[in-house]
Structure formats: structure tokens, C-alpha cells
Amino acid sequence: MQPLASLLVWSGISVLGAAAFGVLALSRGETVNAAWLLIAALCTYAVGYRFYSKFLADRVFALDDRRATPAERCNNGRDFVPTNKWVLYGHHFAAIAGAGPLVGPVLAAQFGFLPGTLWLVIGVVLGGAVQDFVMLFCSLRRDGKSLGQMAKEEVNPAAGAMAMLAVLFIMIILLAVLALIVVNALKASPWGLFTIACTIPIALLMGWWMKRWRPGKVGEASAAGAVLLLGALVAGGWVAGQPQLAPLFTHSATALTWMMVAYGFIASVLPVWMLLCPRDYLSTFLKITTILVLAVAILVILPPLKMPALTPFASLGEGPVFAGKLFPFAFITIACGAISGFHALVASGTTPKMIARESDARLIGYGGMLMESFVGVMAMIAACTLDPGVYFAMNTTPAALAQASQVLGQAGFVVTPDVMSELAARMGETTLLARSGGAPSLAVGMAQIFAGATSALGGKTLDALWYHFAIMFEALFILTTIDTGTRVGRFMLQEVVGHVWPRFAETSWYPGVIASSALIVTGWGYFLYQGVVDPLGGINSLWPLFGISNQLLAAVALCVGTTVLIKMGRARFAWVTAAPLAWLAIVTMTAGWQKVFSADPRLGFLAHAASLAGSASPDAARLILNDRLNTFVALLFMTIVTVLIVTSLREWWLVLAHRKPAIVHEAPYVETGYATGD
Amino acid sequence: MRREIDGGRGRRRAAEGGTGWRHALRRMFGMPDYEGYLEHCRSSGHPPRLTEREYVKEFFDSKGTGSRCC
């Protein structure tokens, strides 16, 4: 493009984005259309990708297409395969996108649509996408090494151990909170539970198909699985209407907790091809298709946002969904859509082993994260199209709703029981009250958007079918994460115990497999049970812990990235990773401190425990124990962050003061065999 | 050296037997691609080490260690 035309185009995009932000920020009282939110996000992504990611690629990392990548040097036709950048973009996005970018923005909508949207859009451009890009770059130059290995080699062995410990603890909290979302979505929902229960035999059938009957024919097996899945979805509606069958699939949250624990254990010890792989394929297809359809549906109907830009809870900090003020809790509630430490595991996993040219890392690492942020923006839109009264009634337990009733009433966020009953009936449920966790309210928002789109295109609205489709979509890939997470946690535990008892580390030794699986499942199962029986809904305590731990892992990744940049002689550019690291440290420490030491019993674990002291409630002792355990976990996370940052700072100072040689552990330079410019 | 970037070479692969999109989809969704493995062995000048069943088994086993994000 000619320089003048380019200047005009990018100036136009920038002005359009700024205007959209202006509309969002200045609206007070009037209804805002979702189109403005989409325009603001897309223009920011375009400018961030065109200019900031190019600066990172050219100036900071100095990506070199003449240098052979691990995929070229170690090409084995299986793990290390040079892959087209657009194909790998899809592969990487499917691996990083999970429930986090969908649920986090829905929960953060309690502050209004503006804070969460700003964090999603600005956070990803300056933080999240940078973290993914720098991790991909570091791993790419080190033959696809993992985050833990790089922390050990580039920072020091203590940092490597901290990173591994952090991943293990995060895994346990993550699995508990994701399982809690599924439990809250499926409790007393025969339609939802029947559909999700059917995914197990469908996955087993697919596993047998692609392993035994027609080896490797994943496409065929997945097509059959998808048809059966849609059949199960429709059949679920019929089952829910049968007086004899519906009770078989109607269970309390506690009963579902035990089912989840049993499922997680069995999935972890079964061969991977039997349940994990087929479920993974099903959920990947469904995830990508649904996200694309949701984007088209939003563009077709451009729904108005009923949630205001800011709610009173942003400043009061007494939100019924979760306690705490906008700062710091908006920034840990929305983790995955803006910045997610978990991505560092994917960016230092399979993706760097498949990159054909170094310059492809820009599209895959930076661009992939922008797409994840866009998913978060769509979730925010879906949540904010709900009537605020409905949103708070769905996401709040009766106890929390009673505490916040005065503020809700003053803000006009009220809803009558009749409206909730009518909505539940329309969605094919008996009740939608107190369905905390974000998934059901997202499903209602998505169902309304899908129904609006099908209606606009001349079809029937089919609200109940769309609602259960959305629940199935969310539950399916949450269960996939539970499968893989429990298994990965099991491997890590086996490796750790294997240092003192080598036999335990053998993944083919079944007593070790069973014992380690049981320990991991017990770990997340305990937190899940604690959340289910929590009078405030569990999300109030578990989601902030998850957010803190996820951002902690991002801090680990950014510490490694900053260390590598300094050792590469690019200390003048170290701010690109050091600035988001500083922000995350401030946010994580503030949130952790408030969760532990706040005098507000709704916010602080210790204050809550103190408020229960002397209580006659039979649950008091258990709740006090939970508060103390949560305190321990939060303090442990904060300690890990502190130790890691201090050890990294020491390493930076030693290198910059020339007291230690700046040795980077990159793979040796080998010139590519590909023609330059291909 | 022969170029060997898997997927996204629709026109060239189509001329060679119409497998370009199949390769691309398999890579994108993380499916086993035995044809791609055989092609890699051919271009590298060594016989395939694995049968299709062995390849599929190893592929699925290695998938169990990968991370899925939250």
C-alpha cells in the first residue's frame, strides 16, 4: 500500500476506534448498541497488531526467517512438523481458548460493561498477547522447551521449581472452579445432565472407532460423534418432559460433585485414546464452530446492551456475584481474555514445534491471543444483553442477593419472580435462580442472541434448544479441561514423587497411576465440594483464587521473558514484558492481600472465619476450616510470586552489572533450507 | 532443499492428489496424519519406522501429555 493511503487508512481506523471508545465511556443512562463495543475492540486489535506486534517482532525479538526453526531442524513428521501459519493459528487458538474467556467477562459484568471491556482490549494488546508472543519466541529458540525448563535454565533452578509448583497448585484450583461451573449449570437440570451424560458413551464409541475399527480416522469418528451429540441434545428435551425419566437426571449440586470426582478419576486412569482424545476432538470442533456462529449472530442482530457502563458495585465493592472493588478484582476476574498464564504452557508446548518460520510467531502468538480476547468481548456482550435484574438473580445466591438487595433496588436492578419463572420455562428449566458460575447466564445471553438471529433470518426462536446447546458447548470443553488437567497434574505429581521413589514416576505402573490420580482428584474435589456447600455460592471465594493463581503464572512467564530479553542484550526493550509484570504483581498482591486480610467478612477469608466464631451453625467449623485453607493457598501464591520476582530481579541486576555473564540457552543457529520469502 | 510446510498448500497438493486440505485440517485439529508421516519419510529418504496402527497409538499417547487452557 502506498504510504499516504496507508497513513489515511490507519488514521481512519484509529479515529473510528477512539470514537467508539468515546461512545462507550460517555454513555450514561441511555442504551448502547453492542456494535460500538465490537468496533472499539476490532480497531484496537488492528492497530495493536499492525504496529505494536511488528515493533516486538522486528525490534525487540529481531525475528529472523533465515534461522531454521525446531520444526525444520527436528522434523520427524509427527511432533516437529513445519506447518502453514494459518493452520497453526487455528491449532494454537483451539488449544488456548477455553472456558476462562467466556466465564470471566460474564462475572465481571457485575461492574458494568465498561471496566471489563477496557481491560479485555487494552490488557490483551499490551500484556496478554505480549506474554504469549514472548513465550512462543523463547520456546521457539530453545527447541520447544517448556516454561519450567526455561525458568530453570534462564533464571535459576529455584525459579524452575517455583514454576512447577505454581502450575500444580493452579491446576488444582482451576479444575475445582471449572467443575463448580459445570455443577451449577447442571444441578436440577435433567435436559442438561442427560445431554452431557451422553457425551461419555459417544466419546467411548469415537475412541473405539478411531483406535480399533478404523485407526486414525478421526474425521469420520468426529462427524458421527457430532451427529450423535446433536441427537442427544434434542433427546434431552424429550427426556426432561418424561415424568419417569426426568428424575433419573435430576440431581442436587452435592450429588453432581461426587459424579464429577468419579468422572475425573476414571478419565485420568483410562487410556488417553478411550475418552480424552475423542472428547477433545468433539469439543474443539464445537468450540470453533460455536464461536464463529456467535460472532456472526452478534453481527446480524447487533443487540443493545441493557447493563449500564458502570454499576454501583464498581466503587462500593459489595457486589453479590463476588465481593471486592473494581480495582483489583476486575483484573483478576477477567484473566484469560486479557492475560492468562496458562497460555505460557501452550506457547511452550506443541505450537513452537510446528512453526515453519520465525516471523510466523507474530500471527500465531500475538494474533491468537487477540482472537481469544475477542471471544471475551463476545461473552461480555452476551452477558450485558441480559436485563440486569435477571443477571443478578441468576448469578447470586439467595444469601448474597439479600445482602445486596438495597443497592440492587436503588440501581433499578430488580426482577419479579414471575419474570424469572417465565424465563426459566422459555429455556426449558424449572428455575434459573442462583445459577452462579457464569455459565447459565452466558447460555441465556447466547440463546437470546442465537434465537434473535434465527428469528431475523425467518426461523423459529427455539430458545430452550439454544440454551441447552450453549450449556453443552461450555460443559463439553470444561470437561475436556478437567480430563487433561487431572492427567497433566497426575504426571507432574508422579514426576515430583519420582525423585524420591523412582518407581512412582513410571506412567505404566498402575498403583502409581491410581494413587497420583486419586491425590489430584481429591485435591480439586475438596475445593469443589467446599464451593458447592458454601452459602455464598463458592464462586465468591474460588474464582478470585483462580484469577490470582492464573495471573501468578503469567508473572512467572513474564519474569522468564524479561530475563531472556536482558540476557540477549535487549535490556532497553525489557519494559515490554517488565511493565505488564509490574502491573500483574500489583494487582495480584493487592487482590491476595484483600482476600486474606480485608475486615469485610464477605471479602476477607480471616474476617469471615472470625465472624463465624461462636456461631451455633453446624456448618461453622467446616466453613472456618475452609477460610483458613483458602488463606493458606492465597498466601502461598503470594509467596511464590514474591520469591520468583526477587530471584529474577537479582538475576537481572547481576547481568546488567556485568557480575555474571549473560548466557542465553538458545539452540545453535542453523540456516534455513527454505527459500527466503517463501 | 525441498520445501515441506504442511497444510495450506491447497493448489499444489490438489495437483498431487487433492490432499492439501486434508493435511491442513488434520494439523489444525491435532489429528494423526499418517499420510503426512509417510510423505515425510519419503522426502527424508528413509523407510517408515512405524506402521499406521503404531503411528496412531504413539500419536494418541503423546496427546495425553499436552495442555488445554482454561
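How many helices and strands make up the secondary structure of chain A?

**Figure 1. Overall view of chain A in a predicted model.** The secondary structure of chain A comes to 27 helices and two strands, where helices (H or I, at least four residues) and strands (E, at least two) are DSSP runs, numbered from the N terminus. The radius of gyration of chain A, 24 Å, is close to the 26 Å that the globule rule gives for 678 residues, so chain A is as compact as a globular protein of that length; this radius is taken over C-alpha atoms, and the rule is 2.2 Å times the number of residues to the power 0.38. Along its principal axes the C-alpha trace of chain A spans about 70 × 65 × 60 Å, and 58% of its 678 residues count as buried, a residue being buried if 20 or more other C-beta atoms, placed from the backbone, lie within 10 Å of its own. Residues are numbered from 1 along each chain as its sequence is written, and chains are lettered from A and ligands numbered from 1 in the order in which they are written. Because the model is predicted, local features need pLDDT of at least 70 and side-chain atom pairs count only at pLDDT 80 or more, while totals for chains, interfaces and linings use all residues.

**Figure 2. Close-up of helices α24 (residues 539-567) and α25 (residues 575-597) of chain A.** The axes, which are lines fitted to C-alpha atoms over the stretch in contact, come within 9 Å and cross at roughly 150°, with angles running from 0 to 180 degrees between N-to-C directions. The two helices are therefore roughly antiparallel to each other, a term for angles over 145 degrees. Residues of α24(A) in the contact include A:P544, A:I548 and A:L552, and those of α25(A) include A:T577, A:L581 and A:L584; two residues are in contact if their C-beta atoms, placed from the backbone, lie within 7 Å. By class, this contact has 15 nonpolar, six polar and one charged residues, with Ala, Val, Leu, Ile, Met, Phe, Trp, Tyr, Cys and Pro counted as nonpolar, Asp, Glu, Lys and Arg as charged, and the others, Gly among them, as polar.

**Figure 3. Close-up of helices α8 (residues 157-186) and α11 (residues 253-269) of chain A.** Here the axes come within 9 Å and cross at roughly 135°, which makes α8(A) oblique to α11(A), the term for angles that are not under 35, over 145 or from 65 to 115 degrees. A:A179, A:V182, A:V183, A:N184 and A:L186 in α8(A) meet A:A253, A:L256, A:T257 and A:M260 in α11(A), and by class the contact has seven nonpolar, two polar and no charged residues.

**Figure 4. Close-up of helix α5 (residues 100-108) of chain A.** This helix is mostly covered, with nine of its nine residues buried, among them A:G100, A:P101, A:L102 and A:V103.

**Figure 5. Close-up of the contact between chain B and chain A.** The contact takes 34 residues from chain B and 50 residues from chain A. On the side of chain B that touches chain A, α2 (20-28), α3 (34-44) and α4 (52-63) each supply at least two residues, and α4(B) gives the most, with eight residues. By class, that side of chain B has 15 nonpolar, 10 polar and nine charged residues.

**Figure 6. Close-up of A:C277 in helix α12 (residues 276-301) of chain A.** With 29 C-beta neighbours inside 10 Å, A:C277 counts as buried. Not counting residues up to four places away in sequence, A:C277 touches A:G207, A:V272, B:F60 and B:K63.

Technical notes
Buried ≥ 20, exposed ≤ 12 C-beta atoms within 10 Å, placed from the backbone.
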